[in-house]
Amino acid sequence: MEKTQAQILRHHGGDADHARQMITQSYERRHDNEFWEFWNAQMGVTIAKGDCLLDLGAGIGQFVEDLALRYPDNTVMGIDAADYMLTAQLSLPENARMLKDDLNEPAAHIEEGKVATVMANMLVHELPQPINMFKAVYKWLKPGGRFCIIDLVRQPLADYLNHKFPDGELWNTDVPREEIEDVFEHFLEHNRYHAEDMIFMLESLGFKVIENTPQRGGRFVRLVVEK
Ligand SMILES: C[S@@+](CC[C@H](N)C(=O)[O-])C[C@H]1O[C@@H](n2cnc3c(N)ncnc32)[C@H](O)[C@@H]1O
């Protein structure tokens, strides 16, 4: 757990408060009407009364809270490893709770075959390897249960740099060396997988692909797979 916590903090530039602020601030924008229409059509359809709903890498529990309010007859659980997220946890409705666990090697006690939906939003690229988590998700899901991954995918360096430095700023101005090095380091961390790489791992475990939608100019993907 300590190793994972140190690795998460390193990924977030060593500044826990800033990392928490950035991701929590963008939550509303990323969970707009279009998102909930998607959720209802592709994920909500598999939820029956009493099923468990899971959010992996749940941060302070924003999505856990939203799901708990939308599905009062279901139990919602969020998992995270970072203390700086867990200690800032939202006060959640009675049907929701957060668990501390390392998704590099999940050990949380979640009853197998009872979970209807699993979300992993902006998580997979933070894991040194996602195989153990994908295996756990397969065990936790009920037959017909669905797993949604929203994450950054591989992109050409040109797209990454043009997004980080719009208007040719990198080439026309004196960007400090630390800033350039930070962007190049994050290019590697944000550029781990093609959508096809994730599909390869998921299909190898027995999942069936339901949706594979490029997002935000191809810098992100939204995948839905079914057990
Ligand atoms: C970029 S944030 C995304 C938060 C939330 N899913 C969202 O979309 O707003 C990634 C989260 O995954 C958590 N995380 C990263 N590696 C993890 C691991 N090995 N086990 C559990 N949580 C992890 C981080 O602590 C962080 O809260």
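**Exercise 1. The shell around the ligand**

Determine how the residues in the shell around the ligand divide by class, and which elements give two or more residues to that shell.

Solution. Sorted by class, the shell in this predicted model holds 12 nonpolar, 5 polar and 3 charged residues. The next step is to look at the residues themselves: 20 residues surround the ligand, and the closest are Gly-57, Gly-59, Ala-81, Ala-82 and Leu-103. Turning to secondary structure, the elements that give two or more residues to the shell are α1 (2-11) and β2 (75-80).

**Exercise 2. The sheet**

Work out the strand order of the open sheet, identify its edge strands, and describe how β7 pairs with β5 and with β6.

Solution. The open sheet has 7 strands, which follow the order β3-β2-β1-β4-β5-β7-β6 with mixed pairing. Its edge strands, each of which pairs on one side only, are β3 (96-100) and β6 (208-215), and the twist from one strand to the next averages 15 degrees. Taking β7 (residues 220-226) next, its pairing with β5 is antiparallel and extends over 7 bridges, with Ile-150 standing opposite Arg-222 in β7. Strands β6 and β7 also run antiparallel and are joined by 7 bridges, and here Asn-212 has Leu-223 in β7 as its bridge partner. The hairpin of β6 and β7 has 4 residues between the strands, and in this hairpin Arg-216 adopts a positive phi near 45 degrees.

**Exercise 3. The nonpolar core**

Find the residues with the most contacts inside the largest nonpolar core, and list the contacts of Val-118 beyond its neighbours within four places in sequence.

Solution. The largest nonpolar core comprises 46 residues, and those with the most contacts inside it are Leu-56 and Val-118. Strand β5 (residues 141-152) supplies the largest share of this core, namely 6 residues. Once the neighbours within four places in sequence are set aside, Val-118 is in contact with Leu-54, Leu-56, Val-137, Trp-140, Leu-141 and Phe-147.

**Exercise 4. Helix α7 and Lys-139**

Locate Lys-139, establish which strands its helix lies across, and decide whether Lys-139 is buried, exposed or partly exposed.

Solution. Lys-139 belongs to helix α7 (residues 131-140), and α7 lies across β1 (52-56), β4 (115-121) and β5, running at about 145 degrees to β5. For a spatial relation across the sequence, Lys-139 can be set against Val-115: the two are 24 residues apart in sequence, while their C-alpha atoms are 9.1 Å apart in space. To judge exposure, one counts C-beta neighbours inside 10 Å, and because Lys-139 has 14 of them, Lys-139 counts as partly exposed.

Notes
Residues numbered from 1 in each chain as written. Predicted model: local features only at pLDDT ≥ 70, side-chain atom pairs only at ≥ 80, totals over all residues. Near = placed C-beta within 6 Å. Nonpolar A, V, L, I, M, F, W, Y, C, P; charged D, E, K, R; others polar. Buried ≥ 20, exposed ≤ 12 C-beta atoms within 10 Å, placed from the backbone. Core = buried A, V, L, I, M, F, W, Y, C linked by C-beta atoms within 7 Å. Contact = placed C-beta atoms within 7 Å. Pairing = 2+ DSSP bridges. Axes fitted to C-alpha atoms, helices over the stretch in contact; angles between N-to-C directions.
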